[in-house]
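Work through the following exercises with the structure open beside you, and try each task before you read its solution.

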Amino acid sequence: MSTVQVERTDADVVVVGYGPVGRLLALLLGRAGRSVVVVERQPAAYPLPRAVHFDDEVGRILQSVGLPPTALTDCVGAYDDLYEWRAADHEPLLRLDWRGLGPSGWHVSHFFHQPGVERALDAQVEGLEPVQVLRGWRAVSHVQDDEGVTVRLESADGGAREVRAAYLVGADGANSVVRSWIGSQVTDLGYFREWLVVDLVLDADADTSLFTPPAWQLCDPERPTTLVPGGPGRRRFEFMRRPGEDLDELAQEATAWRLLEPWGVGPEQAVLERHAVYTFQARWCDTWRAGRLLLAGDSAHLMPPFAGQGMCSGLRDAVALAWRLDLVLGGLADDQVLDSYGPERSEHVRHFIEGSMALGEVICLSDADAAAARDVAMRADLAAGVEQPPRPLPRLGRGLSRADAGGGLLSLQAEVVGIGADGAEVSGLLDDVVGAGGLLLLGDPALRSALAPADTALLDSLGWRVVALGDEPGEGVVVDSTGTYRDWFAGLGAVAVLVRPDLYVLGSATDAADLTALLEHLRSALRAPAVSAR
C-alpha cells in the first residue's frame with residue numbers, strides 16, 4: 001500500500017483569514033523578514049464594501065506601511081465636518097465636532113471604500129517574498145507541540161496540504177475556526193439588533209443637499225437611520241429593523257429602494273452596490289491565546305458600528321501582535337511576552353464595545369414616549385451649549401506598559417522639523433521624519449548622556465530609535481515646531497517617553513534616574529537576554 005505524500009510548507013507564522021486584519025498582519029511580519037503563509041478560503045477578494053470608517057490612529061497605522069490616507073484618495077476621504085444626531089423632524093439633537101486632526105496627526109475620521117484599501121494592502125503584500133497567500137484553502141485541523149503547530153488545509157476541489165509554523169493566528173472572522181480550536185469562552189452582552197445596510201455609488205449629478213452635514217444619524221423611533229459617506233462618490237445607509245418586521249422582506253432590493261425614496265435617491269441617481277441585513281452584536285473573547293494559537297480581529301471581538309471602531313480595533317490587534325511575534329521569533333523576547341497581548345487588547349476593545357452599545361441605546365429607541373423624552377433632554381443640552389467631551393483615549397489592559405503617566409495610552413504624532421537623508425531640513429509628521437516603529441523620545445538632547453551602553457545596545461537590537469527634541473534639527477534631533485510634544489511632556493510631567501511599535505506608550509520617565517528604570521522595565525518585560533546591536 002502506498003502512502004500519499006501531502007505537500008508541506010514551513011513558515012514562521014500561519015495566518016488564517018485574509019481580511020484587513022490578516023492583510024496588515026502578513027504585511028508587517030513580512031516586512032520584518034518573517035515567513036508567513038496566509039490561508040483564505042475565498043478564491044477571490046470580496047468585492048463589496050463592509051467597514052466604511054476609520055480614525056486618525058488607523059491613519060497613522062496605514063502611514064507606517066507606506067499607505068497614508070493622502071495616498072489613497074481614490075478610496076479614502078478625510079472627514080472635516082460635523083456629525084449630527086437629529087430627531088424625527090430632522091431638527092438637531094446633538095452635534096459632534098469631527099473637524100480637524102486627531103492625536104495621531106490625521107483627521108479624526110475618514111470614510112472609505114474597503115475593497116479599494118484592501119487592494120492597496122494586497123499590492124504591498126504581493127511584493128514581499130516571505131509572504132505566501134493561499135486562496136481557496138481552508139484550515140480544517142491542527143496539531144501543536146512544544147516546537148510549533150501543524151495546520152492541515154483542504155481546497156474546494158479536495159486537495160490537501162500542511163503548513164508547519166511556530167505560531168498560528170486566527171484572523172478568520174466571527175465564525176472563527178481558530179477560536180473553536182482555542183476553546184475560548186465568549187463574553188456576550190446580549191446585544192442583537194438587525195439593520196439593513198445599503199451601499200450606493202452616486203451619479204456625479206445626484207442631489208446631495210439632504211446629506212448636510214455629510215454624516216448624520218436620524219433618531220426616529222419609527223425607523224432609526226444612519227447616513228454617512230462610503231468613500232469618494234459613495235454613500236452608506238443603515239436602516240434599523242422595526243419590531244415585528246419580516247426579515248426576508250427587509251432583505252429585498254425593492255425594500256432598499258423604498259427606504260431610500262425619502263432621501264431623494266433612486267435608480268436614476270445611484271447604483272445599488274450592496275444591500276444586506278446584518279445582526280449587530282457585542283461580545284469579546286476571554287482567551288486570546290492558547291499555546292501557539294492566537295486570535296485577532298472579529299474572531300476575538302464584535303461590536304455595534306455606532307462608534308465606527310470595529311475594523312479599527314482589529315487593525316490595532318494586528319499591530320500589537322506583529323511586533324511581539326517579530327521579537328519572539330528573533331529571540332529578542334521570551335515567548336511569554338505573547339501572554340500580555342490578549343489582556344491588553346481585550347480591555348482596550350471592551351471600552352469601544354461598551355461605548356458603541358451606549359450610543360446604540362440612544363439611537364435605537366423605538367418607543368415613541370422614550371424617544372420624546374430623549375429628544376427633550378438632548379435639545380435642552382444643545383440649546384444650553386453643552387459640548388460633548390473629546391473622544392477619550394482608552395488605556396490598554398494590564399501587560400507590558402508601566403503604570404505611570406501615559407503608560408498604556410496612545411502616543412501622539414505631530415509635525416516636526418528634522419534632517420533628511422540628503423542633509424537638508426525636512427518638515428513633516430514625526431514618523432515620516434524619523435521613521436516608524438519603537439521610539440525613545442527625549443525632551444532634551446542632553447538626556448542622551450543618561451543612557452548606559454547596555455541601554456543603547458538594547459534599543460539598537462530591538463530596532464527602536466532614540467530621538468531628542470531640540471532647538472535646532474540635527475542627527476537624532478528634531479524641532480517640536482507646533483509645541484505639541486512640549487505640551488504633552490508637560491502634561492505627563494515627563495522628560496522622556498518610550499513608545500512601542502504599536503504606537504502605545506510603554507512608560508514615561510520623570511528624570512534621568514527614572515529613565516534608567518524605564519529601560520530596565522523594558523528589558524524585564526521582554527525577558528530579553530543580553531543583546532548586541534542588530
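## Exercise 1: The two sides of a helix

Task: In this predicted model, find which exposed residues lie on the face of helix 9 turned away from its buried side, and then work out where the buried residues of helix 9 stand and what they pack against.

Solution: Begin with the face that is turned away from the buried side of helix 9, where you will find the exposed residues Asp369, Val376 and Ala383. A residue is called exposed when its relative accessible area is over 50%, and buried when that area is under 20%. By this cut-off the buried residues of helix 9 are Ala371, Arg374, Asp375 and Met378. They cover an arc of only 105° around the axis, and therefore they lie on the same side of helix 9. As a next step, look for their partners: the buried residues of helix 9 pack against strand 5 (82-86), strand 6 (92-97) and helix 8 (341-363).

## Exercise 2: Length and ends of helix 9

Task: Compare the reach of helix 9 with its expected span, and describe what is found at its start and just after it.

Solution: Helix 9 runs over residues 368-383, which makes 16 residues, and from its first C-alpha to its last it reaches 22 Å, close to the 22 Å expected at 1.5 Å a residue. At the start of the helix, a side-chain oxygen of Asp367 comes to within 3.2 Å of the backbone nitrogen of Asp369. Just after helix 9, Gly385 has a positive phi of about 80°.

## Exercise 3: A sheet with open edges

Task: Which strands stand at the edges of the open sheet with the order 12-18-21, and why is one side of each left without a neighbour?

Solution: The sheet has three strands, and its pairing is antiparallel. Strand 12 (186-188) and strand 21 (301-302) are the edge strands, and because each has a single partner strand, one side of each has no neighbour in the sheet. Strand 18 (residues 283-285) pairs with strand 21 over two bridges, and Arg283 stands opposite Leu302 in strand 21. Finally, helix 8 lies across strand 18 and strand 21, running at about 175° to strand 18.

## Exercise 4: Backbone exceptions

Task: Decide whether His90 and Leu503 are buried or partly exposed, and say where each is found.

Solution: Most residues other than glycine have a negative phi. His90, however, has a positive phi near 70°; it is found in the loop between strand 5 and strand 6, and is partly exposed, with a relative accessible area of 33%. Leu503 has a positive phi near 80° and is placed in the loop between strand 27 (496-499) and strand 28 (505-509), where it is buried, with a relative accessible area of 7%.

Note on methods: Residues are numbered from 1 along each chain as its sequence is written. Side-chain values use heavy atoms; hydrogens and water are left out. Helices (H or I, at least four residues) and strands (E, at least two) are DSSP runs, numbered from the N terminus. The expected span of a helix is 1.5 Å times one less than its number of residues. Buried means under 20% relative accessible area, exposed over 50%, partly exposed in between (1.4 Å probe, protein chains only). The arc is that of the directions from the helix axis to the C-beta atoms. Contact means heavy atoms within 4.5 Å. A polar contact is a pair of N or O atoms within 3.5 Å; within protein, one must be able to donate a hydrogen and the other to accept it, and residues adjacent in sequence count only if both atoms are side-chain atoms. Two strands pair if DSSP finds at least two bridges between them. Axes are lines fitted to C-alpha atoms, for helices over the stretch in contact, and angles run from 0 to 180 degrees between N-to-C directions.
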